[in-house]
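Work through the following exercises with the structure open beside you, and try each task before you read its solution.

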Amino acid sequence: LMSSKVQTKELGVKRRKPGRPLAGTMIADRSQVIAAALDLIRSKGPDVTMDEVANAAGVSKPIVYRNLGDKDALVVALSEIFVERLNEVVDRAVAITPHGRASFASAVRATLELIAEERNLFFFVTAGGPGTDTRLVERSSATMIAQFSAMRIADDLDPAPARTWAYATVGAIQITAIMWLRDGDRTCDE
């Protein structure tokens, strides 16, 4: 009897190494894995597994772990995408609204509208866990910090507390959005 290694070589069959994609499939890079995960979460929901992400990307799970990392790394990567989009919609909403309460209301509305649009992604990235990155909280609070600082300066007050108020506001909006989406029967206006 020949060893399976010799038989495979003689028959001209190439064995793939563990973690390699199926024959004829290109190895996915980090951006392709993230794009596949994003599409999967948007269509299937926030409870996706890394096996499902690998399958959606057309690669094995070891390729996903090598190119991206574990699920916490996926949460961070998708959080960056969500926060980038959040900052864009909030900055756009604030830019076309006068300062003060109207500007604040526009920022809250833009946030809630994006969360409603990206419901599954929002639930995926806010599930928490050890991968939660405080830099993302800082980035998502930046516009609110600037707004509150400007309001305090306009009222001749120390702008330093604006940071704390912004974090409290962002946290309150996040919790409100979670409860709002779970109730499922309210509009953004309500």
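**Exercise 1: Two helices in contact**

Describe how helix 5 and helix 6 pack against each other, and state which kinds of residue make the contact.

Solution. In this predicted model, the axes of helix 5 and helix 6 (residues 101–117) lie 8 Å apart and form an angle of about 145°. The next step is the handedness, and here helix 5 passes helix 6 in a right-handed crossing. Helix 5 contributes Phe82, Arg85, Leu86, Val89, Val90, Ala93 and Val94, while helix 6 contributes Ser103, Ser106, Ala107, Ala110, Thr111, Leu114, Ile115 and Glu117. Sorted by type, the residues of this contact are ten nonpolar, three polar and two charged.

**Exercise 2: The length of helix 5**

Compare the expected span of helix 5 (residues 71–95) with the distance between its end C-alpha atoms.

Solution. Helix 5 has 25 residues, and the expected span is 1.5 Å times one less than that number, which gives 36 Å. The end C-alpha atoms of helix 5 are 36 Å apart, so the two values agree. At the start of helix 5, a side-chain oxygen of Asp70 comes to within 3.2 Å of the backbone nitrogen of Asp72.

**Exercise 3: Two loop residues**

Decide for Thr97 and for Asp156 whether the residue is buried or exposed.

Solution. Thr97, in the loop between helix 5 and helix 6, has a relative accessible area of 15% and is therefore buried, because the cut-off for buried is under 20%. The side chain of Thr97 also makes a polar contact of 2.9 Å with that of Ser106. Asp156, in the loop between helix 8 (134–154) and helix 9 (162–183), has 72% relative accessibility and so counts as exposed, since exposed means over 50%. Although Asp156 is not a glycine, its phi is positive, at about 60°.

Definitions and conventions. Residues are numbered from 1 along each chain as its sequence is written. This is a predicted model: local features need pLDDT of at least 70, side-chain atom pairs count only at pLDDT 80 or more; totals for chains, interfaces and linings use all residues. Side-chain values use heavy atoms; hydrogens and water are left out. Helices (H or I, at least four residues) and strands (E, at least two) are DSSP runs, numbered from the N terminus. A polar contact is a pair of N or O atoms within 3.5 Å; within protein, one must be able to donate a hydrogen and the other to accept it, and residues adjacent in sequence count only if both atoms are side-chain atoms. Axes are lines fitted to C-alpha atoms, for helices over the stretch in contact, and angles run from 0 to 180 degrees between N-to-C directions. A crossing is left-handed if the near helix is turned anticlockwise from the far one by less than a right angle, and right-handed if clockwise. Contact means heavy atoms within 4.5 Å. Ala, Val, Leu, Ile, Met, Phe, Trp, Tyr, Cys and Pro count as nonpolar, Asp, Glu, Lys and Arg as charged, and the others, Gly among them, as polar. Buried means under 20% relative accessible area, exposed over 50%, partly exposed in between (1.4 Å probe, protein chains only).
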